[in-house]
Every structure is written in C-alpha cells, then in structure tokens.
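Please open the model in a viewer and keep the sequence panel visible. The tour below proceeds by selections, each followed by a short account of what is found there.

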Amino acid sequence: MLGTGKGPALLSRTEVKEFLNDSIETTTQLLNDILEFTRGTTRVDPVTGSWSQLISRRLELVRLDLQKQQVEPAIEADDDLNLYPDADRIFRVIRNLYKNAGEALQQAGRTDGRVTVGASRQNGVTRVWVADNGTGLPPEVQDKLFQPFATKGKVGGTGFGLAIARQLVEAHHGTIDVDSGPSGTTFTISIPNGEHAD
C-alpha cells in the first residue's frame with residue numbers, strides 16, 4: 001500500500017532499477033498511445049486479476065512523484081478486488097490522473113495536498129477514482145479537458161494525456177467522468193466487469 005508520509009523516501013537498488021525501467025517503458029508506451037490515438041485504432045487485452053496484482057503494486061513507484069511534490073498519497077481499495085481490464089493501459093490512465101492531480105496541487109501552492117486513488121465494484125461495474133483536495137477546475141476548463149492539447153498550462157505536457165485516457169477507457173466499453181468543485185476534483189473511470197471479473 002502507499003505510505004502517507006511526506007518526507008523523502010530512500011530507494012533500494014532494486015527499486016531504482018524498477019523506477020528507471022518503468023520510466024523508459026512509460027515513454028515508449030506513451031508514443032504508442034499517441035500513434036494509436038491519431039489512427040483511432042486503440043485495442044485492449046483484458047486480463048483477470050486482483051487490484052493488488054494489477055494496479056496497487058505499480059502505484060508504489062508513482063508515490064515518489066507525489067512525495068517530491070509534497071503531496072500525500074492514499075489508496076482506498078480492497079487488495080482482493082477482482083478486475084478485468086487491460087492492466088497496462090488502465091494503469092497508464094490512473095497514473096496520468098494521479099500525476100496531474102499532484103502537479104495541480106503543487107502549482108496551487110497547497111501545503112496540505114492529498115491525492116486518493118480508490119476502487120470498488122457494484123452492479124456489474126468496476127469504478128476507479130482519482131480524487132484531490134484542490135480548489136477545483138473552472139467550468140471552461142472542464143468543458144475541454146478531454147480534447148487534444150487541453151493542457152491547462154501544464155509544463156512539459158503533451159496535450160494528449162486526457163484525450164488518450166478517454167480513448168483507452170472507451171476501448172474497454174467504459175466511461176471517464178469528472179466532478180469538480182471548490183473542495184476538489186474527482187475523475188471516475190467506470191468499466192463493465194466482463195464475464196471473468198467475478
């Protein structure tokens with residue numbers, strides 16, 4: 001599980017290697033996602049597994065990004081929750097949302113920033129959410145969030161992140177929605193469980 005401390009974390013050699021490999025793989029995957037997005041040919045390969053097996057362990061690497069931004073990470077999900085997604089692609093969506101939230105809190109100068117990733121399953125649908133306790137998004141920004149190049153002034157962004165995220169979720173026959181107000185912003189991914197999820 002993710003820790004909640006705000007201090008810097010020391011990494012073992014194995015963790016450093018995993019972090020570097022993950023960074024290289026993420027860059028390669030991003031290029032592939034952009035190519036698929038422009039071609040409109042996104043394909044997914046769902047697998048059955050638990051939240052711990054498919055998502056939670058990978059988020060351990062991402063926690064460093066939030067800790068560097070002095071943002072508190074948290075998870076609200078049962079490790080044994082069964083999922084049926086294309087784990088690589090859904091993790092990339094979660095990671096994008098996760099890092100965006102942390103960067104937004106840092107840019108806002110929040111000293112009490114917190115980003116929570118959660119998951120649950122109900123009525124044949126798995127829901128994964130990424131929530132922050134920021135000041136919310138202006139309505140005019142929300143209207144364009146999932147359009148290409150809608151970076152909201154993000155430094156170093158490609159402008160494709162949320163547009164690709166929506167395409168990857170929709171390839172799972174799912175939806176991605178945003179709810180934003182003065183107390184924070186929540187992105188919710190909803191995906192049908194599939195016949196192998198229960």
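What percentage of the 198 residues of the protein count as buried? The share is 45%. The model is a predicted one, and the values quoted on this tour are computed from it.

**The whole chain**

Begin with a cartoon view. The protein has five helices and seven strands. Followed along the sequence, these elements give the pattern α-β-α-β-β-α-β-β-α-α-β-β. Contacts can then be displayed for residues at least 6 apart in sequence; 74% of these join residues at least 24 apart.

**Strands S5, S6 and S7**

Next, select strand S7 (184-192) together with strand S5 (125-132). S5 and S7 run antiparallel and are joined by eight bridges. To find the register, display Ala-131, which stands opposite Thr-186 in S7.

Now add strand S6 (175-181) to the selection. S6 and S7 are likewise antiparallel, with seven bridges between them. Here Thr-175 stands opposite Ser-190 in S7. The connection from S6 to S7 is a hairpin through two residues. In a regular strand the side chains alternate between the two faces of the sheet.

**The cavity**

Keep S5 and S7 on display and turn to the interior. Rolling a probe the size of a water molecule over the atoms shows where empty space is left. The structure holds one cavity of 30 Å³ or more, and about 110 Å³ of space lies in the largest cavity. Which elements give two or more residues to its lining? They are helix H2 (51-68), helix H3 (87-107), S5 and S7. S7 supplies the largest share, with three residues.

To centre the view, select Leu-83, Pro-85, Thr-126, Val-128 and Ile-191; of the 13 lining residues, these lie nearest the centre of the cavity. Colouring the lining by class shows 11 nonpolar residues, two polar residues and no charged ones.

**His-172 and its contacts**

Select His-172, located in the loop between helix H5 (161-170) and S6. Is His-172 buried or exposed? His-172 counts as buried because its relative accessibility is 6%, below the 20% cut-off. Leaving aside residues up to four places away in sequence, His-172 touches Val-44, Pro-85, Asp-86, Ile-90, Ile-191 and Pro-192. Two of these contacts, Pro-85 and Ile-191, were already selected as residues nearest the centre of the largest cavity.

**Salt bridges**

From His-172, move to its contact Asp-86. Asp-86 forms a salt bridge with Arg-89, with the closest N and O atoms 3.7 Å apart. Both partners are buried: Asp-86 has a relative accessibility of 9%, and Arg-89 has one of 12%. Side chains of opposite charge can pair when their charged atoms come close.

How many salt bridges does the count come to? The count comes to four, and two others are included in this tour. Select Arg-114 and Glu-72, which form a salt bridge whose closest N and O atoms are 2.8 Å apart. Arg-114 belongs to strand S4 (residues 114-122) and Glu-72 to strand S2 (residues 72-76), so this pair ties together parts that are 42 residues apart in sequence. Arg-114 counts as partly exposed, at 31% relative accessibility.

Then select Arg-110 and Asp-112, whose side chains meet in a salt bridge at 2.8 Å, N to O. Arg-110 is partly exposed at 22% relative accessibility, and Asp-112 is also partly exposed, with a relative accessible area of 42%.

**Helix H5 and Phe-160**

For the last stop, select H5. This helix is mostly covered, with seven of its 10 residues buried. The buried residues are Leu-162, Ala-163, Ile-164, Ala-165, Gln-167, Leu-168 and Val-169. An α-helix has 3.6 residues a turn, so residues three or four places apart point the same way.

Finally, pick Phe-160, in the loop between helix H4 (139-142) and H5. Phe-160 is buried, with a relative accessible area of 13%. Drawing a line from its C-alpha atom to that of Gln-147 gives a separation of 7.7 Å, for residues 13 places apart along the chain.

Definitions and conventions:
Residues numbered from 1 in each chain as written. Predicted model: local features only at pLDDT ≥ 70, side-chain atom pairs only at ≥ 80, totals over all residues. Heavy atoms only, no water. 1 Å grid on protein atoms, 1.4 Å probe; cavity = no way out; pocket = protein on both sides within 12 Å on 5 of 7 lines; lining within 4 Å. Points joined across faces, edges and corners; volume = space filled by probe spheres on them. Helix = DSSP H or I, 4+ residues; strand = E, 2+ residues; numbered from the N terminus. Nonpolar A, V, L, I, M, F, W, Y, C, P; charged D, E, K, R; others polar. Buried < 20%, exposed > 50% of the residue type's maximum accessible area, 1.4 Å probe, protein only. Contact = heavy atoms within 4.5 Å. Pairing = 2+ DSSP bridges.
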